[in-house]
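Colleague: Could you walk me through a few local features of this model? I would like the reasoning along with each answer.

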Amino acid sequence: MAAITVKPSIPKGTRDFGPAEMTRRNYIFDTIRKVFRRYGYQPIETPAMENLSTLLGKYGDEGDKLLFKILNSGDFLSSAGGPLPANPEKAALMISEKGLRYDLTVPFARYVVQHQSELTFPFKRFQIQPVWRADRPQKGRYREFYQCDVDVVGTNSLLCEVELVQIAADVFKALGINVCLKINNRKILAGMAEAIGAPDKMMDITVAIDKLDKIGLDNVNEELRADGLSDEQVEALQPILGLAGGKEEKLAGLEKILTSEVGKKGIEEVRTLFGYIDALGVDIKTELDLTLARGLNYYTGAIFEVKALDTEIGSISGGGRYDNLTGIFGLDGLSGVGISFGADRIYDVMTRLDLFPSEANAATDVLVANFGGDDEMYSLKVLARLRAEGLSGEIYPEPAKMKKQMGYADKRGIRFVVLCGENERLAQSVTIKDMAAGEQKTVSIDEAIAIIKG
């Protein structure tokens, strides 16, 4: 029986990354990591999979549906204890106890609670790892993608929010991306719900208005009605969603509408945050966006979202304050705040706008040609010297025809080829060819190093 040939493929919503892409991605990771370290944050990592009990119920009903569940190892059906129930959610829990992490924040909360005796609070951490969501793949949205998270837990101070704004400003300035940082506060959203007489519908309201940019006001209003809000309540919400002007005009308008303590507290926190940003001259465009909701259940205070200004794409960064996320794991009263940078969307933005610098080039600095025999050993010694000077270099593995070796360098985008033949070996020199200029000359090894570095 003939073997069946399977065409290789990868799951939808995932991607392979070649050397050129990985060099650029690492440039993004390294840039972000340097900024995180500059502000005193420490790195951690958590497992790709978590117990479903850790993940379920932390992201709202819509988030729970996007969790990738992992079948129990071994003969999972025999351990299910009989026929599986018709209810898909109950059936899934009988054969799956683990899931791929949806974000880095909930695993971080679990980590803090589990390792609380080892940590010094406030605890400042950063984490750069992939996450998975069973979403419908589309342009700019993937099922597997990297997040670069920075969080601080153990303090209620608004200085932490200010610091996160500074971090965002530094990151996007270093990457060369022109952005707008949108800010809101979940306390303001709670105040909105109270102001229209629907405090029990706050989550429905936040989920709906978070889609305003995507589906428009009419569709948001229809969704609100479908969620049980009356026509009068939907109508009462319109003046709030329609507030225009700068941050002061919007805040002044809110002060006339929001009378509850929680709403007033949200206005106060937003005004304080913008005051610090302005006083410190933080170099980033900011906006008070009263429709920004960020649908995750755990946010309780300030919320952030960053949009690129020079190309159409979804948010490339977002986060906020969560007052008691660790409480779901038994550690009450530990407030935290964080922001996440979406590396994949940042990569797409930088590619579209051609923002990657020359150092984000995957090409090796120099190829040392291989002439074989005694010349090969001399070539290896020259190569070792080049590497010792901090240059990336390689030798062609066999003494092939020079046309083939030059063709290899050209296809790989290697600019300099160093030739170490008999004449060079006897003179303890090298001939260096600049593939871009089409020129070559014989020089000392020191001179060759200076040329390549230059």
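What follows is a set of questions and answers on helices, buried side chains and backbone geometry.

Colleague: Before the details, what kind of model is this, and which pLDDT do local features need?

Modeller: Residues are numbered from 1 along each chain as its sequence is written, and side-chain values use heavy atoms, with hydrogens and water left out. The model is predicted: totals for chains, interfaces and linings use all residues, side-chain atom pairs count only at pLDDT 80 or more, and local features need pLDDT of at least 70.

Colleague: Thanks! Is helix α7 largely enclosed or open, and how many of its residues are buried?

Modeller: Helices (H or I, at least four residues) and strands (E, at least two) are DSSP runs numbered from the N terminus. Buried means under 20% relative accessible area, exposed over 50%, and partly exposed in between, with a 1.4 Å probe and protein chains only. Helix α7 spans residues 186–195 and is largely enclosed by the rest of the structure, because the number of its ten residues that are buried is eight.

Colleague: Which elements cover the buried residues of α7?

Modeller: The buried residues in question are R186, K187, I188, L189, A190, G191, M192 and A193. Contact here means heavy atoms within 4.5 Å. The cover includes β7 (179–185), α8 (202–209), α10 (231–241), α11 (247–257), α12 (261–280) and β9 (302–308).

Colleague: And at the start of α7, which side-chain oxygen reaches the backbone nitrogen of K187?

Modeller: A polar contact is a pair of N or O atoms within 3.5 Å; within protein, one must be able to donate a hydrogen and the other to accept it, and residues adjacent in sequence count only if both atoms are side-chain atoms. The pair at the start of α7 comes to within 2.8 Å, and the oxygen belongs to the side chain of N185.

Colleague: N184 is in strand β7; which backbone oxygens lie 3.3 Å from a polar atom of its side chain?

Modeller: N184 counts as buried because its relative accessibility is 0%. Leaving aside neighbours within four places in sequence, its contacts include L189, V270, L288 and I303. The backbone oxygens at 3.3 Å from a polar atom of the N184 side chain are those of D289 and L290.

Colleague: Now α11 and α12: are they roughly parallel or antiparallel?

Modeller: Two packed helices are described by the angle between their axes and the distance between the axes. Axes are lines fitted to C-alpha atoms, for helices over the stretch in contact, and angles run from 0 to 180 degrees between N-to-C directions; under 35 degrees counts as roughly parallel, over 145 as roughly antiparallel, 65 to 115 as roughly perpendicular and the rest as oblique. The axes of α11 and α12 come within 11 Å and cross at roughly 165°. The two helices are therefore roughly antiparallel.

Colleague: How do the residues of the contact of α11 with α12 divide?

Modeller: From α11 the contact is made by K247, E248, L251, A252, L254 and E255, and from α12 by I267, V270, R271, F274 and D278. Ala, Val, Leu, Ile, Met, Phe, Trp, Tyr, Cys and Pro count as nonpolar, Asp, Glu, Lys and Arg as charged, and the others, Gly among them, as polar. The contact has six nonpolar, no polar and five charged residues.

Colleague: T431 sits in strand β15 (residues 430–434); with which side chains does its side chain make polar contacts?

Modeller: T431 counts as buried because its relative accessibility is 5%. Its side chain makes polar contacts with the side chains of E424 at 2.6 Å and T442 at 2.9 Å.

Colleague: L325 is in the loop between β10 (317–322) and β11 (336–342); which residues does it touch?

Modeller: L325 counts as buried because its relative accessibility is 4%. Its C-alpha atom is 6.2 Å from that of Y298, 27 residues apart along the chain. Not counting residues up to four places away in sequence, L325 touches T105, V106, A109 and Y298.

Colleague: Last one: what is the phi of D354?

Modeller: Most residues other than glycine have a negative phi, and most peptide bonds are trans. D354 lies in the loop between α13 (343–352) and β12 (366–368), and D354 is exposed, with a relative accessible area of 63%. Although D354 is not a glycine, its phi is positive, at about 55°.
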